[in-house]
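Trainee: Got a minute? I'd like to go through this model with you.
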Amino acid sequence: MSEELFTTARELQDRARREIAEEWQRWNATLPTESARWPIGAAYLRDSAPGSLIGDAIVNQLKAVLFQMQTERFYVPFEHIYFENVSGTYMKPRHEFMSLLEQAESGSVSAIAAYISIRLFRNIEEAIVVKRQLRLKGVKLFWMGRPQMDERDPQAWAMERQLEVADELHSRQTGWLVALAKEQASRRGLPTGPLPDGYRVAERGPSLQGGRRGRPIRWEISEPWASVIKEGCQRYLKGASYADLAVWSAGTATNGLTAKGGPMTTQWWRSTL
């Protein structure tokens, strides 16, 4: 699936939601009439970054999940498809996942399915606690690669624990490699995150297949933000607070607005300086 370059995160997320709706309609139209009597299940779909939504990855997740639920004879209403584009390291920032758990706790769903186990959890401690709570409520959990054996068998318990360890190891290893890459970039004088408002990207490397933008390879001073940030830093060193800078910046050439049009708040000044 080809993509236009420089597609925004919001556009990718909105397109993913449309494709999820279309795929669910196709699946729903193929179900046998007896599916109306199946217990209600829920589908959980997640990708960590907007760039992961390029292509048809999220739709393939949904296809696999709906196939699992149909095989197990659970019906998934459209309103019980939970999709979010966020890291899975911890549960609390995942608002859709937390809403799904509330539905399961209330008895509204009898089963939850995800593409693979790491879509549900990347933290072994949370995985053990939440799975136990859900199973005590009678909620079944499905994902590709789940041990296909009696859940009471100690070997099933051991295999699931090993899978949870592997999921967290993958998460930790990814974080470690990203940190090393950022250290190396910093030593070469390259930016390791979004450029502050005092700079703008002047040139990017070649874009990658599938529409991903190439990384910045040259940047330049962006006025009037660079001059305002420089003067704001000098004022701060002389005793002005972040709140003082937020008030002062409204009278500058920036009119108190960042390069993206947001307000130069106290928090903005704190993170910028």
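Mentor: Let's talk about salt bridges and how buried their partners are. The model is predicted, so local features need pLDDT of at least 70, side-chain atom pairs count only at pLDDT 80 or more, and totals for chains, interfaces and linings use all residues. Residues are numbered from 1 along each chain as its sequence is written, and side-chain values use heavy atoms, with hydrogens and water left out.

Trainee: How many salt bridges are there?
Mentor: The count is 18. A salt bridge here is a side-chain nitrogen of Lys or Arg within 4 Å of a carboxyl oxygen of Asp or Glu.

Trainee: What does Lys131 pair with?
Mentor: Lys131 forms a salt bridge with Glu164, and their closest N and O atoms are 2.8 Å apart. Lys131 is in helix α5 and Glu164 in helix α6, 33 residues apart. Helices are DSSP runs of H or I, at least four residues, and strands are runs of E, at least two, numbered from the N terminus.

Trainee: Is Lys131 buried or exposed?
Mentor: Buried, with a relative accessible area of 4%. Glu164 is buried too, at 4%. Buried means under 20% relative accessible area, exposed over 50%, partly exposed in between, using a 1.4 Å probe and protein chains only.

Trainee: Which residues are linked with them in a network?
Mentor: Arg135, Glu160 and Arg161 are in the salt-bridge network with Lys131 and Glu164.

Trainee: New topic. What does Asp47 pair with?
Mentor: Asp47 forms a salt bridge with Arg119, with the closest N and O atoms 3.4 Å apart. Asp47 is in strand β1 and Arg119 in helix α4, 72 residues apart. Asp47 is buried at 9%, and Arg119 is buried at 13%.
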